[in-house]
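Trainee: I would like to go through the terms used for this model one at a time, and to hear for each of them what justifies the word.

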Amino acid sequence: QVQLVESGGGSVQVGGSLRLSCAASGGTFSLYNMGWFRQAPGKEREFVASISWSGGSTAYTDSVKGRFTISRDNAKNSVYLQMNSLKPEDTAVYYCAARGLIATGYAYWGQGTQVTVSS
C-alpha cells in the first residue's frame, strides 16, 4: 500500500512558477511509474504528466509542454512537478498518482494540492 502526500500548491500570478512535491511511503517507490493529474472546478480530472520508474521516460499533455517539468528522486521517494509560465487555465487541484510497473492504471492517489493562478 502506497501513501502519497502532495505539497507546494498555492496562489500565484500569471507567468509565475510553482514546484509541487509528492512524497511517497509504504512501498518501494522505484517500482512505480508516477503521474500528476489535475481537476479544475466543474471539469473532469485530466492527465498532466508522467514519469517512468527510472525517470528515463516522461510524457506531458499538450497544454503544459514546454512549461511543466516532471522529475523524481528515488532516493527521496519523491516526485516533483515544476510549473513555469503559469496561466489561469492551470488553476486546479493537482494530484499525484502511482502506477505499478505492470499495472494498467493508477492505483494510488494523493489528497491533492490546490494551485490558483490569477491575472
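Trainee: What makes the pairing of Asp-90 with Arg-67 a salt bridge?

Mentor: This is a predicted model, and in it the closest N and O atoms of Asp-90 and Arg-67 are 2.7 Å apart; because a salt bridge requires a side-chain nitrogen of Lys or Arg within 4 Å of a carboxyl oxygen of Asp or Glu, the pair qualifies. Asp-90 lies in the loop between strand 8 and strand 9 and Arg-67 in the loop between strand 6 and strand 7, so the pair ties together parts that are 23 residues apart in sequence.

Trainee: Why is Asp-90 counted as buried?

Mentor: Its relative accessibility is 1%, and buried means under 20%, so Asp-90 falls into that class. Arg-67, with a relative accessible area of 11%, is buried on the same cut-off.

Trainee: Which other contacts does the side chain of Arg-67 make with backbone oxygens?

Mentor: The side chain of Arg-67 reaches the backbone oxygen of Ser-63 at 2.9 Å, and that of Ser-85 at 2.9 Å as well.

Trainee: What joins Arg-38, Glu-46, Arg-67 and Asp-90 into one network?

Mentor: They are joined by salt bridges that share partners. Asp-90 pairs with Arg-67, and Asp-90 also meets Arg-38 in a salt bridge of 2.9 Å, N to O; Arg-38 in turn meets Glu-46 at 2.6 Å.

Trainee: Why is Glu-46 called partly exposed while Arg-38 is called buried?

Mentor: Partly exposed covers the range between the 20% and 50% cut-offs, and Glu-46 has a relative accessible area of 34%, so the term applies. Arg-38, at 5%, is under 20% and is therefore buried.

Trainee: How do you know that Glu-6, which is buried, has no salt bridge?

Mentor: The nearest side chain of opposite charge, that of Arg-45, is 7.8 Å away, and because a salt bridge needs a separation within 4 Å, this pair does not count as one. The side chain of Glu-6, a residue of strand 1, instead has a polar atom 3.0 Å from the backbone nitrogen of Gln-111 and one 2.9 Å from the backbone nitrogen of Gly-112.

Trainee: What makes Trp-53 partly exposed, and which surface patch does it help to form?

Mentor: Trp-53 has a relative accessible area of 44%, which lies between 20% and 50%, so it is partly exposed. Together with Leu-31, Leu-101 and Ile-102, Trp-53 makes a nonpolar surface patch of about 460 Å².

Definitions and conventions: Residues numbered from 1 in each chain as written. Predicted model: local features only at pLDDT ≥ 70, side-chain atom pairs only at ≥ 80, totals over all residues. Heavy atoms only, no water. Helix = DSSP H or I, 4+ residues; strand = E, 2+ residues; numbered from the N terminus. Buried < 20%, exposed > 50% of the residue type's maximum accessible area, 1.4 Å probe, protein only. Lys, Arg positive; Asp, Glu negative; His and termini not counted. Polar contact = N/O pair within 3.5 Å; in protein donor to acceptor, adjacent residues only side chain to side chain. Patch = residues over 30% accessible without salt bridge, like charges linked within 9 Å, V, L, I, M, F, W, Y side chains within 5 Å. Areas by Shrake-Rupley, 256 points an atom, 1.4 Å probe, with all protein chains shown as cover.
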